[in-house]
Amino acid sequence: MRTANEIRESFKQFFAEKGHAIVPSAPMVVKDDPTLMFTNAGMNQWKDIILGTKDPEPRRRADSQKCLRVSGKHNDLEEVGHDTYHHTMFEMLGNWSFGDYFKEGAIDMAWEYLVDVIGLDPKDLYVTVFEGSPEENIPRDDEAAGYWAKHVPADHIINGNKHDNFWEMGDTGPCGPCSEIHLDSRTPEEKAKVPGRELVNKDDPQVIEIWNIVFMQFERKADGKLVPLGMNVIDTGMGFERLVRALQGKHSNYDTDVFQPTIRAIEQLSGKKYGETEEVDVAMRVIADHIRAVAFSIADGQLPSNAKAGYVIRRILRRAVRYAYTFLGQKRAFMHLLLPTLTEQMGEAYPELVAQRELIDKVMKEEEESFLRTLETGIKLLDRVMSDTKAAGKSEISGPEAFTLFDTYGFPLDLTELICRENGLTVDEAGFNAEMQKQKERARNAAAVETDDWQMVAHPHPLPKGGEPISTESSSLGEELEVGLSQFVGYDYTEYECRILRYRRIVQKKQTYYQIVLDKTPFYAEMGGQVGDQGAIVSEFETIDIIDTKSENGLTVHIAKKLPEHPEAPFMACLDTDRRRASEANHSATHLLDQALREVLGAHVEQKGSLVSPEGLRFDFSHFQKVTAEELRQVERIVNQRIRENIPLQDHRNVPIEQAKELGAIALFGEKYGDRVRVVQFGQSVEFCGGCHVKATGQIGMFKIVAESSVAAGIRRIEAITGSKVEEALYQLQDGMEALRQLFNGVPDVKGAIERLITENAGMKKQAEEFIHEKAQSYKQELLRNAKEQNGICIISGKTLLPAEAVKDIAFQLRAEVENALVCIGSVNDGKPLLTCAASDLLVKEHGVNVGQAIREAAKLMQGGGGGQPHFATAGGKNPDGLSAAIDKFIELIQ
């Protein structure tokens, strides 16, 4: 039986022999596409080629791509673990053709690999073709059906509808019919009862799609119309885990050697057996799946957080921890202990797992421990909600309350339901879902973007390498190939003559913007941590402000609030040079900082994120302890020394990647590099970089670290400023010191004056505390003298101006000293009333007194609220005049 690793290699070898370039998997975390957080299909890394903004050479490619599907259109998360074939992280085996072979070649190669190379039984294979769409005037894909007829009988070719057999990149853009290959892996007896063709796309777990071949031949416009695509593209994707399952003769992906080693490790750690109970099986499948998604995401540079992609990873990790907590009895960090098994399984195919293992372990362990603490807090909060629900005579937790536990404290609904069930309560699931839907609608409305089609303006004739003339009547993507690529000239120029190639309108958050593409531009598009340039484009007729510059699928897009009235006119593109120079200084300083950190802290330091703007820089890096003040000072000294040395920039542009590595440039995990790259060098600092830099380090001026902090386990962050910002900071510091000196009548030794003041203040504070203590003891005796016995209760009440902490101490002393004490003390601090109440253990345990409940009702008389435990509670208010009435009401309620 072939192993998973052998099957993966057989796919690559087959397509290499068919003339395909075998390319490495792109990072699973997407950093340069505003429409995606994660790679969710093999074609994601080729979007710029498909959209016509990048050279398509080589035209045949193949790989095994790491993918993640958990949100949006491909939301598989809640399916994972409950069935045999859905996953969050999965591998997509794929082959592509960009203007080379099309339907016949793709179909023939797929069949040859499945049947002749890996030996699937042709009788078990069914294929689908697009049945056509009369409303869009698209006929049935008879061409694909004809090619399939060479390999399978007619009853194995099935018409598929638009949902299953017409692929679209999005609401607009490239699209086309597709053919799916389905495998029937049922037993002979089951096959004899029901033909496999009747179960295709019917959610049968044993008749599943294993390969999808997309024939991109159309482009959908914003008005919904389809036009022919300028370059035919083949995009195929085969689920690796499903293929392994078929070849290893299993009925579940989780029974293959992709997942079984991890499941066996879970068994050993938990002491439970896979296959004994359904809930344990689901929990183990969830964990075996989710450990891969979380580990690969961290390796690719995405740390768990509360926003965007980081939130998705946190959500996946917490789902796994929750299953381990609830069904495997794991009350300690658990998942990180599975990393050695995962690394052994997949480390050879994906070396980033091995290189980043220590970081993954630390981040995952810290996240697990944090969520376990959250679970404990959530259980305490839920206990209180259940207690209040029962006290109100109800048997159902409200939907909003359950949603608050979920949304604010991360406490999942199914765990809330489980605990409530154990306590004889139910949860209003419909109400919870309604609250969840409201939140989703708010998020959807905030993120909604309306995008028009590109409007073409100028049509120069240079072609990208490997491009071919295409009829501009057919497709704007064809036109994009003909007009060539927008050329960036910003390394050398801050102003440049240009023409507008195209523009389009976008509406987001009720604001209208225009995206403008120039044939040549000095504007740097936001990438690699450096923010986009601002400035203007100027013609003889008008000036259009550029408020930002973005990169979209490899295309430099200039953002404006106004569209030129004469877009066909020649323009001069002009940067805001002050902003650009400040960004250049901060970017170059970031490189010097990176090198200095490795020198001071060690070679283990690796960049994990950065932000470069005109205001300053932020640099995240791997290091497993706080950077000391002495180390930070040493780093600053090294950077400033190299600034003073005025080291010239060595700009190595468009060099082969192997040559770049020979120069000493370090490739970062989680980054995608082409065959040719740019290397920026300042002396010993050598880095892959496409950003903008000073011509020599002296232009940075000065460097100053302003903050050092922790981002996550094993990740530190340094924030710093350069140039004029350092000068401004020094002036602020100097002005602050002078103002401080004037507070001490201009004494030369400010530090000594402050130390004397602190000493004097400490002495005065001690005297004040002693005075308050004496007053408190005196007031306590006064309360005891005025106490009243009623119905076996010693009522101790009164009003005072003592501080809240002193009143609390008195209340606790009295409840401990007087066996049947009921204490109610009113006080006023800063004009606001405070009620402090306590009851002795005797009253609580034998008489059922609950001051926490009584105080809530009493506090209303002083326009306030509060609560606490049966033996002690406090309440604040707004109306001091109601304090006496509140005291009386409290005593009345208890009696």
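Helices (H or I, at least four residues) and strands (E, at least two) are taken here as DSSP runs, numbered from the N terminus. On that basis, the chain comes to 26 helices and 36 strands. The structure is a predicted model, in which local features need pLDDT of at least 70 and side-chain atom pairs count only at pLDDT 80 or more, while totals for chains, interfaces and linings use all residues. Residues are numbered from 1 along each chain as its sequence is written, and side-chain values use heavy atoms, with hydrogens and water left out.

We can start with the chain as a whole. The C-alpha trace spans about 105 × 80 × 55 Å along its principal axes. Of the 895 residues, 52% count as buried, where buried means under 20% relative accessible area, exposed over 50%, and partly exposed in between (1.4 Å probe, protein chains only). The chain exposes about 41,600 Å², of which carbon and sulfur atoms supply 48%; accessible areas come from the Shrake-Rupley method with a 1.4 Å probe, and for residues only the protein chains shown count as cover. Among contacts (heavy atoms within 4.5 Å) with a separation of 6 or more, residues 24 or more positions apart account for 68%.

Next come the sheets, in which two strands pair if DSSP finds at least two bridges between them. One open sheet has four strands in the order 15-23-19-20, paired in the antiparallel sense. Its edges are strand 15 (495-498) and strand 20 (543-546), each of which pairs on one side only. Neighbouring strands of this sheet are turned by 20 degrees against each other on average, direction ignored; axes are lines fitted to C-alpha atoms, for helices over the stretch in contact, and angles run from 0 to 180 degrees between N-to-C directions. Within the sheet, strand 19 (residues 535-538) is joined to the antiparallel strand 20 by four bridges, and glycine 535 has isoleucine 546 as its bridge partner.

A second open sheet is built from three strands in the order 26-27-28, again with antiparallel pairing. Strand 26 (650-656) and strand 28 (685-688) each have a single partner strand, so one side of each lacks a neighbour in the sheet. The average turn between neighbouring strands here is 20 degrees, direction ignored. Five bridges link strand 26 to strand 27 (residues 676-682) in the antiparallel sense, and aspartate 651 stands opposite valine 680 of strand 27. Helix 18 (residues 577-601) packs on this sheet, where it touches strand 27 and strand 28, and its direction makes about 115 degrees with that of strand 28.

Strand 25 (residues 617-622) is a helpful example of a strand with two partners. Strand 24 (residues 607-612) pairs with strand 25 in the antiparallel sense over five bridges, and the two form a hairpin with four residues between them. Here glycine 609 has aspartate 620 of strand 25 as its bridge partner. Strand 25 also pairs with strand 30 (residues 715-722), antiparallel and over six bridges, with phenylalanine 621 bridged to arginine 716. Five of the six residues of strand 25 are buried, so this strand is largely enclosed by the rest of the structure.

Alanine 712 belongs to strand 29 (residues 703-712). Its relative accessibility is 9%, so alanine 712 counts as buried. Alanine 712 and phenylalanine 624 are 88 residues apart in sequence, yet their C-alpha atoms are 9.8 Å apart in space. Leaving aside neighbours within four places in sequence, alanine 712 is in contact with Leu303 and Glu366.

Glutamine 45 sits in the loop between strand 1 (21-22) and helix 2 (47-50). This residue counts as buried because its relative accessibility is 10%. Its side chain makes polar contacts (pairs of N or O atoms within 3.5 Å; within protein, one must be able to donate a hydrogen and the other to accept it, and residues adjacent in sequence count only if both atoms are side-chain atoms) with the side chains of aspartate 63, at 3.1 Å, and glutamine 65, at 3.2 Å. Beyond neighbours within four places in sequence, the contacts of glutamine 45 include Pro24, Ala26 and Lys672.

Finally, helix 3 (residues 103-117) offers a simple check of geometry. Its 15 residues should span 21 Å at 1.5 Å a residue, and the end C-alpha atoms are 20 Å apart, which agrees; the expected span is 1.5 Å times one less than the number of residues. Buried residues of helix 3 include Ala106, Ile107, Ala110, Trp111 and Leu114. Just after helix 3, glycine 119 takes a positive phi of about 80 degrees.
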